[in-house]
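Take a look at the sequence and the model. This walk-through goes from strands to a metal site.

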Amino acid sequence: MTKDARVTPALRTRLTAVASGALLLLALGAAAPAMARTIDHSPADLQVEEVTSSAPVMVSDLEAAPAGVTATYYCAVRDGTFGCKPDEPGDGLVVAELFQHADFGGWRVVVFNAAYSVGCSSGTGDNEGGANLFEFANAVSSVKTHNQCDVKFFDGNNKSGTATGFIDRDNNLGSFNDRANSFAIS
Ligand SMILES: [Ca+2]
Ligand SMILES: [Ca+2]
């Protein structure tokens, strides 16, 4: 009891300081994109997370673009291959959404795999597709993944140059903002 009473206010103060720092980083990030990496763990963010659903997220589930998304483009991938395939965006299984702006806004590229019926394998050791970003290169600022997939960004084409780790979800790519030329899925 005594210990709790002593620790809790201090912890609260520290958490408040962390939250303020995160907000400050976000505010600075808007004006100067090359800020330190910021990952959003806020409750508001967790409420919209879709990874808890046991049903696969399909392309058709994303047809209604949320507010803030100005245009949707599609890139079909196949495991073990590289490059966007000429598949129609039918009822493929969504791998990832890549966004032009931080916090999932601007245009988005919906990466999907029509051959999948369940999702990506667990773990990040296998090649589950990828592509060069071409006209979308050096512009991606945030990312969501679905169906147990993760995405890894590369500074150069053909998965070359500096890379991120495998990302599940990031509302602000931080030091990798507007830098990705290609990506890999696992
Ligand atoms: Ca951007
Ligand atoms: Ca680049």
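What follows covers a sheet and then a calcium site.

The model is predicted. Start with the sheet. Three strands form an open sheet in the order β4-β8-β6, and their pairing is antiparallel. β4 (130–132) and β6 (151–154) are the edge strands, each pairing on one side only. On average, neighbouring strands of this sheet are turned by 15° against each other, direction ignored.

Now look at one pairing in detail. β4 runs antiparallel to β8 (residues 182–185), and three bridges join the two strands. One residue pair to find is G130 and A184: A184, in β8, is the bridge partner of G130.

Next comes the metal. Which residues coordinate the calcium ion (ligand 2)? They are N138, D155, R179 and N181. N138 and N181 each donate OD1. R179 gives its O atom, while D155 contributes both O and OD. The coordination distances run from 2.3 to 2.4 Å. Along the sequence, the donor residues follow the spacing N-x16-D-x23-R-x1-N.

Where do N138 and D155 lie? N138 sits in the loop between β4 and β5 (142–145), and D155 in the loop between β6 and β7 (169–170). The pair therefore ties together parts that are 17 residues apart in sequence.

Are these two donors buried or exposed? N138 has 40% relative accessibility, so N138 counts as partly exposed. D155 is also partly exposed, with a relative accessible area of 25%. Both values fall in the class between buried, under 20%, and exposed, over 50%.

Note on methods:
Residues are numbered from 1 along each chain as its sequence is written. Chains are lettered from A and ligands numbered from 1 in the order in which they are written. This is a predicted model: local features need pLDDT of at least 70, side-chain atom pairs count only at pLDDT 80 or more; totals for chains, interfaces and linings use all residues. Side-chain values use heavy atoms; hydrogens and water are left out. Two strands pair if DSSP finds at least two bridges between them. Helices (H or I, at least four residues) and strands (E, at least two) are DSSP runs, numbered from the N terminus. Axes are lines fitted to C-alpha atoms, for helices over the stretch in contact, and angles run from 0 to 180 degrees between N-to-C directions. Donors are N, O and S atoms within 2.8 Å of the metal (3.2 Å for Na, K and Ca); water is not among the atoms, so sites may look incomplete. Buried means under 20% relative accessible area, exposed over 50%, partly exposed in between (1.4 Å probe, protein chains only).
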